[in-house]
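These are my notebook entries on one protein chain, written as I looked things up one after another. I began with a single side chain and then worked outward to the rest of the fold.

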Amino acid sequence: MVGSSRLATMTLVQGSLFLLLFILLFIFDHEGSFWAAALFFVILIGWHFYSAARITALNQRRKFRYLYIGIYLFLCTVMVWLTRGQEESPLWIVYFLPIILAASILTLRQTLGVCGAALVLFISHLPAAMFVNENLRAEVLPELLGFGIMFFLVGTLVQDFAQRHRRQLVQLELAEKNLREKERLASLGELAAGIAHEIRNPLGIISSSAQMLEVQNISDQDHQLLDIIQEEAIRLNGLITDFLFFGRRLEPQRELCDLAGLLSRQVESLQLAAEQRGVTLILNVKEPDCLVDIDTGMFQQVVLNLLLNALDATGQTGRVEVTLALDQNLIVLTVRDNGCGIATEDIGRIFDPFFTTKGHGTGLGLANSYKIIHSHGGDIKVISEPGVGTTMTVLLPTGER
């Protein structure tokens, strides 16, 4: 909406400058029927301002664009016919008005078409003697060529300016929208973080009270209930921890890290869990000397999240393969499994906070991983097919080495 109004203002100002020139020409160099020309001149001015004010509607209802421009060309042609004398009308320059309007709302090809139509209409009002007389024709043809070049040049320049202006306005509106969204999320994040901290305190009291009760002489059934209380308190505390991590601004504490060694340690720590599930966990390091300047603790969390998700998605006798490689200017970390895969409609949501298709978990693991990777200037891609498996690919610029 903001972009359309600014574009309308731009078109209005450009056309108004031309109209001022037309008024001077009309007053000081007029031929033909004065009152009829004056009437059409007023109509033309009104149509120009009306069209400029309707640019927003024209951008939304494209089929009316050609109607507006066609009416504009018709009014310009009548105006020129009423003011012509023995030679061409001094107000031929009025054809620049529909060209400016077309350049403001149409594509380059369509604008060139309007320029061609304006040139044809301009030629149609020239006296026949200019074409019959050989001497006049020799003078007119170069002049017509100059007019044609001027029409197309103005149309091209204005269309290019309008196109760049539209792109800048779109970027500005997107930046404003993102800024408003970030401000809203920041306010919600501060509120949620405060609530989470307040929840943590009673959770600690509940957990410690349950531990104190366990040491007393109570029945087995009461012990089971106390165990449930502690398990749920631990689970809620983990959820709050993940949530607070997601809500805070990340500032990686970079240090030189052996990424291959980090992967080796993480894979080794999960080998027993993988064997218990019947899953084969494989590490394939194609770039053993991979030293990267990253936050080691954060990247351990990323790798752990990716591996746990892959193990959860893979059934018995499944396979999870972790690959570290170097591709031109990127360090490529790939976690591939042959598990159940991700539904097509869910792929675009897997990095959203609190989204999960599992019966357990907080839905913040991948969201936090995504945030960590982007805080290091990297990216994460996902390719998945239901029933075939999923491939998670972390891309880290080698500039971080």
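**Entry 1: a leucine on a helix**

Does Leu153 count as buried, partly exposed or exposed? I kept in mind that I was reading a predicted model. I found a relative accessibility of 49% for Leu153, and because the partly exposed class runs up to 50%, Leu153 counts as partly exposed. I then looked up where Leu153 sits, and it lies in helix α8, which covers residues 134-214. Leu153 also belongs to a nonpolar surface patch of about 420 Å², which is made together with Leu145, Ile149 and Leu157. I noted beside this that an α-helix has 3.6 residues a turn, so residues three or four places apart point the same way.

**Entry 2: the chain as a whole**

I stepped back to look at the whole protein chain, which holds 12 helices and 7 strands. Of its 401 residues, 39% count as buried. The chain exposes about 22,400 Å², and carbon and sulfur atoms supply 60% of that area. I also looked up how far apart in sequence the touching residues are: among contacts between residues at least 6 apart, 74% join residues at least 24 apart.

**Entry 3: a covered helix**

How many residues of helix α5 are buried? I found that 10 of the 10 residues of α5 (residues 96-105) are buried, so this helix is mostly covered. Among them are Phe96, Leu97, Pro98 and Ile99, and the list also includes Ser104.

**Entry 4: the open sheet**

In what order do the strands of the open sheet stand? I wrote down 5 strands in the order β2-β4-β5-β7-β6, with mixed pairing. The edges are held by β2 (280-285) and β6 (379-385), each of which has a single partner strand, so one side of each is left without a neighbour in the sheet. Neighbouring strands are turned by 15 degrees against each other on average, direction ignored.

Before going through the pairs, I reminded myself that strands of a sheet pair through backbone hydrogen bonds, either parallel or antiparallel. I started at β2, which pairs with β4 in the parallel sense over 6 bridges, and here Leu281 has Val320 in β4 as its bridge partner. The next pair, β4 and β5, is antiparallel over 8 bridges, with Val322 matched to Val335 in β5. These two strands form a hairpin with 2 residues between them, where Gln328 takes a positive phi near 55 degrees. At the other edge I found β6 and β7 (residues 389-397) paired in the antiparallel sense over 7 bridges, and Asp379 stands opposite Leu395 in β7.

**Entry 5: helices against the sheet**

I then asked which strands helix α11 touches. Helix α11 (residues 296-313) packs on the sheet and touches β2, β4 (319-327), β5 (330-337), β6 and β7, while its direction makes about 25 degrees with that of β5. Helix α12 (residues 365-375) lies across β6 and β7, and it runs at about 140 degrees to β6.

**Entry 6: salt bridges**

Side chains of opposite charge can pair when their charged atoms come close. I looked for such pairs, and the count comes to 4 salt bridges.

One of them joins the side chains of Asp312 and Arg277, at 2.7 Å from N to O. This pair links distant parts of the chain, since Asp312 is in helix α11 and Arg277 is in helix α10 (residues 259-277), 35 residues apart. Asp312 has a relative accessible area of 30% and is therefore partly exposed, and Arg277, at 34%, also counts as partly exposed.

I next looked at Glu321 and Arg319, whose side chains meet in a salt bridge at 3.8 Å, N to O. Is Glu321 buried or exposed? Its relative accessible area is 19%, and because buried means under 20%, Glu321 is buried. Arg319, with 39%, is partly exposed.

Lastly I returned to Asp379, which forms a salt bridge with Lys381, the closest N and O atoms being 3.0 Å apart. Lys381 counts as partly exposed at 43% relative accessibility, and Asp379 counts as partly exposed at 22%.

How values were computed
Residues are numbered from 1 along each chain as its sequence is written. This is a predicted model: local features need pLDDT of at least 70, side-chain atom pairs count only at pLDDT 80 or more; totals for chains, interfaces and linings use all residues. Side-chain values use heavy atoms; hydrogens and water are left out. Patches are made of residues with over 30% relative accessible area and no salt bridge: like charges are joined within 9 Å, nonpolar side chains (Val, Leu, Ile, Met, Phe, Trp, Tyr) within 5 Å. Accessible areas come from the Shrake-Rupley method with a 1.4 Å probe; for residues, only the protein chains shown count as cover. Helices (H or I, at least four residues) and strands (E, at least two) are DSSP runs, numbered from the N terminus. Buried means under 20% relative accessible area, exposed over 50%, partly exposed in between (1.4 Å probe, protein chains only). Contact means heavy atoms within 4.5 Å. Two strands pair if DSSP finds at least two bridges between them. Axes are lines fitted to C-alpha atoms, for helices over the stretch in contact, and angles run from 0 to 180 degrees between N-to-C directions.
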